[in-house]
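Please open the model in your viewer and keep the sequence at hand. The tour proceeds by selecting a few residues in turn.

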Amino acid sequence: MTERTFKHINGKIKLSIPDSLQDVTLQMMIQFQQPALSDLEAISALTQVPVEQLYGISDVAALNGAILPFAQSLQHQLAYTYEAGVLPKQVTLRYPGGKVQVINIGDDLGFYAYGAVMEARELMTTEIVRHQQTYGDTWREHLNPDLRTCGLILTHFLYHRAYPNHVPSAVDIQQFFDVVKWLPITDAAPLARHFFLSYPNLPLRKPTHWQRLQHLWKNAPALMRLRRLDTLTP
């Protein structure tokens with residue numbers, strides 16, 4: 001990241017500007033790929049400065065010259081990252097409060113928990129079907145999945161690596177997604193693409209007795225509510 005100072009109606013404003021794709025996070029790209037994005041909205045996505053603050057910059061030419069050339073090359077750089085398919089050896093998660101967690105990435109998808117595959121498969125199936133409808137049998141060559149979907153898929157897989165003995169709730173997944181979305185896109189994009197291209201050959205192993213018990217325990221409150229409703233039905 002490079003810090004640049006620009007003239008502002010309130011004096012000056014300092015922006016952190018990405019130098020390369022390694023500086024761009026998944027969250028930045030999710031915002032950047034929104035349809036019909038204006039120049040200021042694109043700059044806001046890449047600097048994480050609200051548009052309202054950018055409106056006050058008086059030297060617009062300097063701002064555009066500093067950021068737009070890089071922004072215009074982002075889609076090409078992301079496509080190259082997808083095609084290269086180089087998986088990170090590890091990813092670093094940064095939590096609110098300063099906690100840092102390093103998760104090692106292996107070549108064998110078999111180390112991912114059964115629950116992660118089951119939770120993420122609907123997301124992967126939806127994206128794959130969308131590409132198949134457009135590209136047919138060549139969908140793998142044109143794979144450009146929605147980045148928010150990529151983030152949610154990574155959230156399920158990485159959560160089970162970060163907390164292997166815990167069955168996540170919907171709140172847990174949302175909170176963990178808020179951490180995963182700040183991964184560098186150079187880590188997130190190739191890893192998500194790897195899961196897409198490996199599906200449906202992911203190891204959908206039959207759940208063990210313990211996994212079935214965990215699933216029942218996770219859904220016990222809902223089952224109890226259904227049973228109470230059933231007893232109240234005349």
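Is S44 buried or exposed? Please select S44; the model in view is a predicted one. S44 is buried, because its relative accessible area is 11% and the cut-off for buried is under 20%. The residue is found in helix α2, which spans residues 39-47. Next, display the residues around S44. With its neighbours within four places in sequence set aside, S44 is in contact with V49, P50, V51 and L54.

Now turn to the aromatic rings. A search of the whole structure finds four aromatic pairs. Select Y159 and Y163 to view one of them: the ring centres are 5.0 Å apart and the planes meet at 45°, so this pair is tilted. Y159 is buried, with a relative accessible area of 5%, whereas Y163 counts as partly exposed at 27%.

Keep Y163 selected and add F176. The centres of these two rings are 6.2 Å apart and their planes stand at 75°; the pair is therefore edge-to-face, since that angle is over 60 degrees. This pair links distant parts of the chain: Y163 lies in the loop between α6 (147-162) and α7 (170-180), F176 lies in helix α7, and the two are 13 residues apart. F176 is buried, with a relative accessible area of 3%.

Finally, select Y95 together with Y159, Y163 and F176. Ring pairs link these four residues into a cluster. Which residue lies over the face of Y95? Add K99 to the selection: K99 lies over that face, 4.6 Å from the ring centre.

Terms used
Residues numbered from 1 in each chain as written. Predicted model: local features only at pLDDT ≥ 70, side-chain atom pairs only at ≥ 80, totals over all residues. Heavy atoms only, no water. Helix = DSSP H or I, 4+ residues; strand = E, 2+ residues; numbered from the N terminus. Buried < 20%, exposed > 50% of the residue type's maximum accessible area, 1.4 Å probe, protein only. Contact = heavy atoms within 4.5 Å. Phe/Tyr/Trp six-rings, centres within 6.5 Å; stacked < 30°, edge-to-face > 60°. Lys NZ or Arg CZ within 6 Å of the ring centre and 35° of its normal.
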